[in-house]
Amino acid sequence: MKNLQKVIENYIQAYNQFDIEGMLTDLHEDVVFENISEGILTLRTEGIDEFHTQAEEAMNCFSQREQIIRNWDIQLDKVVIDIDYKATLATDLPSGMKQGDILRISGQSEFVFEEDKIIRIVDRA
């Protein structure tokens, strides 16, 4: 079995570097991604192709982005990390934030594994 912590560290590093192919390396073909903001599901993708498309779209929103892992909760087939997120917007957002604004969020990311691959990611902020 792969080291789950190392898999997640690789995923976060690829995310921070806008390396989509690196993000996909340890994803299961049937990966489900969900983003939950203030208790509301704001995004859901199913399958690696939908995830890839969403990752490309999201990449265009930021000129810089960084997730910093603050805490680990490693279980048998699930890992929950507390993260601090900081990003510089590359475009204006419907929320009223403008290009160049800095977005700062603290939240959690949950990774569920199947067959040594990430089958589910849930981001909560």
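Buried means under 20% relative accessible area and exposed over 50%, with partly exposed in between; the legends below apply these classes to a predicted model.

**View 1. Arg124 of strand S6 pairs with Glu110 of strand S5 in a salt bridge.** At 35% relative accessibility, Arg124 falls between the two cut-offs and therefore counts as partly exposed. Its partner Glu110 has a relative accessible area of 14% and is therefore buried. Glu110 forms a salt bridge with Arg124 in which the closest N and O atoms are 3.5 Å apart. Because Glu110 belongs to strand S5 (residues 102-114) and Arg124 to strand S6 (residues 117-124), the pair ties together parts that are 14 residues apart in sequence.

**View 2. Arg44 meets Glu34 and also Glu46 through its side chain.** Side chains of opposite charge can pair when their charged atoms come close. The side chains of Arg44 and Glu34 meet in a salt bridge, with an N to O distance of 2.3 Å. This pair links distant parts of the chain, since Arg44 is found in strand S2 (residues 40-46) and Glu34 in strand S1, 10 residues apart. A salt bridge also joins the side chains of Glu46 and Arg44, here with an N to O distance of 3.0 Å. The surroundings of these residues can be read from their accessibilities: Glu34, at 10%, counts as buried, whereas Arg44, at 38%, counts as partly exposed, and Glu46, at 48%, likewise counts as partly exposed.

**View 3. A negative patch lies on the surface and includes Glu50.** The residues that form this patch are Glu29, Asp30, Asp49, Glu50, Asp77, Glu114 and Glu115. Two elements, strand S1 (27-37) and helix H3 (48-59), each supply at least two residues of the negative patch. Glu50 has its place in helix H3, and with a relative accessible area of 42% this residue is partly exposed. The patch is made of residues with over 30% relative accessible area, so the 42% of Glu50 satisfies that cut-off.

**View 4. Ile74 is a residue of strand S3 with contacts to Gln5 and Val79.** Strand S3 spans residues 62-74, and Ile74 lies within this strand. With residues up to four places away in sequence left out of the count, Ile74 touches Gln5 and Val79. The relative accessibility of Ile74 is 43%, so that this residue counts as partly exposed. Glu57 stands 17 residues from Ile74 along the chain, and the C-alpha atoms of the two residues are separated by 30 Å.

**View 5. Ile102 of strand S5 touches residues that include Lys86 and Met97.** Ile102 has its place in strand S5, and at 43% relative accessibility Ile102 counts as partly exposed. Not counting residues up to four places away in sequence, the contacts of Ile102 are with Lys86, Ala87, Thr88 and Met97. A further pair to inspect in this view is Ile102 and Leu89, which are 13 residues apart in sequence and, from C-alpha to C-alpha, 6.4 Å apart in space.

Methods
Residues numbered from 1 in each chain as written. Predicted model: local features only at pLDDT ≥ 70, side-chain atom pairs only at ≥ 80, totals over all residues. Heavy atoms only, no water. Helix = DSSP H or I, 4+ residues; strand = E, 2+ residues; numbered from the N terminus. Buried < 20%, exposed > 50% of the residue type's maximum accessible area, 1.4 Å probe, protein only. Contact = heavy atoms within 4.5 Å. Patch = residues over 30% accessible without salt bridge, like charges linked within 9 Å, V, L, I, M, F, W, Y side chains within 5 Å. Areas by Shrake-Rupley, 256 points an atom, 1.4 Å probe, with all protein chains shown as cover. Salt bridge = Lys/Arg side-chain N within 4 Å of Asp/Glu carboxyl O. Lys, Arg positive; Asp, Glu negative; His and termini not counted. Charge placed at Lys NZ, Arg CZ, Asp CG, Glu CD.
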